[in-house]
Amino acid sequence: MSTASCKVLPAENSGPEGLLRSPRGSTTRQDLRAINSDGVAQSVMVGLGETWLPAFALALGMGEMISGLMATIPMLVGSVLQLISPYGVRWCGSLRGWVVLCAILQALSFAPLAVAALVGSMPVVILFAVAGIYWGAGLGTGAAWNAWVETLVPGRVRPKFFAGRTRLAQLGVLAGLIGGGLILEYGRSMGAELWAFGVIFVIAGLARLWSSRLLASQSEPLQKP
């Protein structure tokens with residue numbers, strides 16, 4: 001993948017040309033809607049996918065110790081991986097490009113989990129590696145997204161806007177948790193628990209892909225050093 005591949009992601013209203021085509025006020029409103037929608041989609045992914053990884057390890061027969069470590073070791077690996085974020089932003093030449101790339105990578109990390117659920121097995125090392133990539137891609141967006149989003153949300157509305165976004169995100173996590181639980185319970189009652197895990201991982205991946213599309217639709221009016 002070349003640097004250019006990160007730069008094909010800008011939205012049609014981004015950059016100087018996009019800002020000339022529509023008033024900045026209109027662009028800001030579109031960005032705020034997209035930021036809220038992205039928060040909901042990402043939170044649905046968390047409720048459906050991330051929350052159920054330890055339970056998935058148990059369903060694969062890996063035991064309680066592996067299930068417990070699944071909630072800690074991948075997060076540690078992800079915390080280390082996020083240290084490459086500054087280099088990733090420079091490589092992409094764009095805060096938005098790096099955030100979208102990480103979001104897509106995080107979405108794709110659900111693919112091997114869904115395949116493992118359908119097959120019924122997965123090596124422990126591979127499961128930890130996939131979970132580590134998931135956490136690394138997720139945490140890798142944090143600093144870059146914070147630096148980028150503050151150029152999109154006007155200072156005068158920031159506290160109220162992010163309070164509202166947090167409420168929407170919490171509802172998204174709740175919806176994901178309830179939906180995932182219902183799908184798994186139905187799968188268990190039908191004797192197809194692992195297939196149910198496959199379903200929730202596919203939905204979680206699609207939710208994050210939609211989130212990445214919403215991220216790509218937002219403008220990037222300022223390039224921070």
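Helix α9 (residues 110-119; helices here are DSSP runs of H or I, at least four residues, numbered from the N terminus) tucks away Phe110, Leu113, Ala114, Ala116 and Ala117, which are buried, meaning under 20% relative accessible area with a 1.4 Å probe and protein chains only, whereas exposed means over 50%. Looking down the axis of α9, these buried residues fit within an arc of 160°, so they line one face of the helix; the arc is taken from the directions from the helix axis to the C-beta atoms. Just after α9 comes Gly120, with a positive phi of about 100°.

This is a predicted model, so local features need pLDDT of at least 70 and side-chain atom pairs count only at pLDDT 80 or more, while totals for chains, interfaces and linings use all residues. Residues are numbered from 1 along each chain as its sequence is written, and side-chain values use heavy atoms, with hydrogens and water left out.

Helix α5 (residues 63-70) has Ile66, Ser67 and Met70 buried. Seen down the axis of α5, they fall within an arc of 100°, so they too line one face of their helix. Over on the other side of α5, Glu64 and Met65 are exposed. The cover over the buried residues of α5 includes α4 (53-59), α6 (73-81) and α10, with contact meaning heavy atoms within 4.5 Å.

Methods. Helices (H or I, at least four residues) and strands (E, at least two) are DSSP runs, numbered from the N terminus.
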